[in-house]
Amino acid sequence: MKNIKYTYEVPSYPMWCELRNIAGWETYTKSTYKKVVANTLCFVLAKHNGKIIGMGRLLGDNVTSFYIQGIVVKKQYQHQGIGTGIVTELLNYAKQNTLEFSSVHLFAHKGTELFYKKCGFIQQPNDTKGAGMAFFIHS
């Protein structure tokens, strides 16, 4: 798709909520949003003609371990390479901050595994790595 620009900037609280709702994810309070922003290494926004159509963010220690979180693209823009562009920009950020060796991890939602494989991620478990694990906390 033409006229797509990827920027390293924080989405507004309303836009962050809108994109999370599109993905079917929880919406948090503005105070929680501020903590999320403060603890995120970088956000990547995808824009079409200046309008935000997708986002993703990168977490981690900013040297050896990174974690991709919250990749979402508005429905009418999906399957056009925009999610791949967001992931590519996040990986570029990680590569620029890696000193010797690092790893980038993510938690793929059911049905998105092939997308991440196409972005270069390996599925676990495999011959050398165990399954990824998660622990969810609800208060």
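Me: Contact here means heavy atoms within 4.5 Å. By that rule, which residues does Ser102 touch, not counting residues up to four places away in sequence?

Reply: In this predicted model, Ser102 touches Val63, Thr64, Ser65 and Phe66 once residues up to four places away in sequence are left aside, so each of these four has heavy atoms within 4.5 Å of Ser102. Ser102 itself lies in the loop that runs between helix H3 (82-97) and strand E5 (103-106).

Me: What makes the pair Ser102 and Thr98 a polar contact?

Reply: The side chains of Ser102 and Thr98 are joined at 2.7 Å, and the cut-off for a pair of N or O atoms is 3.5 Å, with one atom able to donate a hydrogen and the other to accept it; the value of 2.7 Å falls within that limit, and therefore the pair is called a polar contact.

Me: Why is strand E2 called mostly covered?

Reply: A residue is buried if its relative accessible area is under 20%, and 7 of the 7 residues of E2 (residues 42-48) are buried, so the strand is described as mostly covered. Cys42, Val44, Ala46 and His48 point one way from E2, whereas Phe43, Leu45 and Lys47 point the other way, and all are buried. This fits a general pattern, because in a regular strand the side chains alternate between the two faces of the sheet.

Me: How do you know that E2 pairs with strand E1 and with strand E3?

Reply: Pairing requires at least two bridges between two strands. Strand E1 (residues 4-7) is joined to E2 by 4 bridges, and E2 is joined to strand E3 (residues 51-60) by 7 bridges, so both counts satisfy the rule. E1 and E2 run antiparallel, with Thr7 standing opposite Leu45 in E2; E2 and E3 also run antiparallel, and the bridge partner of His48 in E3 is Lys51. E2 and E3 form a hairpin with 2 residues between them, and Asn49 in the turn has a positive phi of about 50°.

Me: What makes E1 and E5 the edge strands of the sheet?

Reply: The open sheet has 5 strands in the order E1-E2-E3-E4-E5, with mixed pairing. E1 and E5 each pair on one side only, and they are the edge strands. From one strand to the next, the twist averages 25°. Strand E4 (residues 65-73) runs parallel to E5 and is joined to E5 by 4 bridges, with Leu106 in E5 as the bridge partner of Ile68. Helix H1 (residues 13-23) packs on the sheet, where H1 touches E2, E3 and E4, and the direction of H1 makes about 90° with that of E3.

Key:
Residues are numbered from 1 along each chain as its sequence is written. This is a predicted model: local features need pLDDT of at least 70, side-chain atom pairs count only at pLDDT 80 or more; totals for chains, interfaces and linings use all residues. Side-chain values use heavy atoms; hydrogens and water are left out. Buried means under 20% relative accessible area, exposed over 50%, partly exposed in between (1.4 Å probe, protein chains only). Axes are lines fitted to C-alpha atoms, for helices over the stretch in contact, and angles run from 0 to 180 degrees between N-to-C directions.
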